[in-house]
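Colleague: I would like a close look at one part of this model, the annotated binding site and its surroundings. Please take me through it slowly, and then through whatever else helps to place it in the chain.

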Amino acid sequence: MKVSVIGSGGWGTALALLLLENGHDVTLWSYSEAESQVLREKRENPVLKGVPLPETLRLSTDLACVRGCKVVVMATPSFAVRSTAHQLAPHLEPGTVLVSVSKGIEKDTSLCLTQVIAQEVGECYPVVALSGPSHAEEVGRRVPTAVVSASEDRAAAELVQDLFMNERFRVYASDDVIGVELGAALKNVIALCAGCCDGMGCGDNTKAALMTRGLTEIARLVVAMGGRKETVAGLAGVGDLIVTCTSMHSRNRRAGILIGQGTPPEQAVKEIGMVVEGYYAAVTATTLANKLGVEMPIAQAAYEVLYEGRDAHLVLTELMTREKKHELEDSWV
C-alpha cells in the first residue's frame, strides 16, 4: 500500500521504518529542505542514532507526495497539526484514511487532534488516532511495543491495525477516540510533574502517588468529555503514563527534572531542544477542567508552576495537605 508519513521527527521516522518493514511503499515528508537533506545525506535521523534509513524509504518536502496514498500518517507536533492538515487537504484522494500519531490538545480550541484534522480536511476522510506507550527510540530499534488504533469508523481503525501490526508491534482497535487522545495528551502533564519530583529529590513513593492520582484526574476529564473510564486503564492511559513518567527518553520528564532542580520552566523547555507537549497541555487541561467543573488539582498545580512562577516545593506541600478525601469517589454512597 502507498503511504506517506507527514513529519520526519523521531516518531514519524520510526513509524515510516515500521511501515516500510511491513512491505508498504513509504514516503517520509519533512517540513524543511534542510531537514530532508540531512536524512538523504546521512541516511539516519539525528534523533534516532544508529537506526539506518534504507534507500527504499522515499524522502520528500512536497505535500503532493500524499497523492495516490490510501493512508496518510500525520506526525507533526501538535501545534502544527491544523496548518498541515489545511495544506494537505487539496492533495488528498477521496476516502484516504488519516492517522493522527501526535499527542496533544489544540490550545485555542481545546479540540482533540483528530477533531482538528477532520475540521480541516472535511468529512470524506476517516480519521484514526494511533497512541500508546511507544518511545520512538525503541520502536526504531524494533523493541516489542503495543498501541491502540482508535476511530469511530471501525473499518478505518482495523485498517490501521492491519497496516502497522507485525511480530514486534502489536495494535489493538478501539472506538473510544476521546479516551485515547485525552489519555495521550494529559499524561504529558503528569510526566512533567513526575520529572519535577525527581528533580526535587523525591522518591519512588512520591512518583507512585503522583502517577496514580494523576490517572484519576485524567479519567475524570475523559468521562466528562464523553470518553470511557476503561480506556484510561488501557495502553493509551496507564500504559503511556508509565512509560512517560519513568523513562529518560521522555522529553516531558527531562524538562520536569530541570524545573525541579530550579531551572525556570521556559528555559527548561528550550534546553530540551524538542517540543515538550506537556508544557502546552497544562494550559488546555486547566481550561477544560474549569470549563467542565472537573477537579484536577495536579494539573492546576502544574499550571501554576509552569506559568505563574510558583515554587514547586510549596505547590507539592499544598497538594499533600489538601482536605482529606475518600480514595474512591463513590465510597459509602
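Modeller: What follows is a walk through the annotated site, the helix that carries part of it, the pockets and some salt bridges. Please keep in mind throughout that this is a predicted model.

I begin with the record, where an unreviewed UniProt entry places the feature "binding site" at K103, R251 and N252. These positions span 150 residues in sequence, yet no two of their C-alpha atoms are more than 12.9 Å apart, so they gather at one spot. From this set, K103 also belongs to the lining of the largest cavity.

The two other annotated residues sit in one helix, since R251 is found in helix α11, which covers residues 251-260, and N252 has its place in helix α11 as well. How exposed or buried are they? R251 is partly exposed, with a relative accessible area of 30%, whereas N252, at 5% relative accessibility, counts as buried; the cut-off behind that word is a relative accessible area under 20%.

Their contacts can be read next, leaving aside in each case the neighbours within four places in sequence. On those terms R251 is in contact with I272, M274, V275 and V276. N252, counted likewise, is in contact with N188, A191, L192, T244, V276, E277, G278 and Y279. V276 therefore appears in both lists, as a contact of R251 and of N252.

The helix itself deserves a longer look, because 8 of the 10 residues of α11 are buried, so that α11 is largely enclosed by the rest of the structure. Those buried residues are N252, R253, A255, G256, I257, L258, I259 and G260. After α11 comes G262, whose phi is positive, near 110°.

A wider annotation gives the setting of this helix, for the unreviewed UniProt entry has "domain: Glycerol-3-phosphate dehydrogenase NAD-dependent C-terminal" covering residues 176-313. Over residues 176-313 the chain is 78% helix and 0% strand, and the C-alpha atoms at the two ends lie 37 Å apart.

From there the view can turn to open space, and R251 provides the link. The largest pocket holds about 1100 Å³ of space, and of the 44 residues that line this pocket, the closest to its centre are G9, G10, W11, A75 and R251. Seven-part though the list may look, it is best given in full: the elements that give two or more residues to this lining are α1 (10-21), α2 (33-42), α3 (81-88), α5 (136-140), α7 (177-199), α10 (235-246) and α11. By residue type, the lining of the largest pocket divides into 18 nonpolar, 19 polar and 7 charged residues.

The second largest pocket, with about 760 Å³ of space, offers a useful companion to that description. Of the 33 residues that line the second largest pocket, the closest to its centre are L210, R213, I298, L319 and M320. At least two residues of this lining are supplied by each of α7, α8 (204-224), α14 (297-307) and α15 (312-320), and α8 gives the largest share, 8 residues. The lining of the second largest pocket is made up of 20 nonpolar, 4 polar and 9 charged residues.

Finally, I turn to the charged pairs. Side chains of opposite charge can pair when their charged atoms come close. The structure holds 18 salt bridges. In one of them the side chains of R58 and D25 meet at 2.8 Å, N to O, and this pair links distant parts of the chain, with R58 in strand β3 (residues 58-60) and D25 in strand β2 (residues 25-29), 33 residues apart. R58 is partly exposed at 47% relative accessibility, and D25 is partly exposed at 30%.

Another salt bridge joins the side chains of R40 and E33 at 3.0 Å, N to O; R40 is partly exposed, with a relative accessible area of 32%, as is E33, with 43%. K207 forms a salt bridge with D198, the closest N and O atoms being 2.8 Å apart, and here K207 counts as buried at 12% relative accessibility, while D198 is partly exposed at 23%. Beyond these pairs, salt bridges that share partners join E21, R142, E167 and R168 into one network.

Methods:
Residues numbered from 1 in each chain as written. Predicted model: local features only at pLDDT ≥ 70, side-chain atom pairs only at ≥ 80, totals over all residues. Heavy atoms only, no water. UniProt positions renumbered as here; feature names shortened; annotations may be inferred. 1 Å grid on protein atoms, 1.4 Å probe; cavity = no way out; pocket = protein on both sides within 12 Å on 5 of 7 lines; lining within 4 Å. Helix = DSSP H or I, 4+ residues; strand = E, 2+ residues; numbered from the N terminus. Buried < 20%, exposed > 50% of the residue type's maximum accessible area, 1.4 Å probe, protein only. Contact = heavy atoms within 4.5 Å. Salt bridge = Lys/Arg side-chain N within 4 Å of Asp/Glu carboxyl O. Points joined across faces, edges and corners; volume = space filled by probe spheres on them. Nonpolar A, V, L, I, M, F, W, Y, C, P; charged D, E, K, R; others polar.
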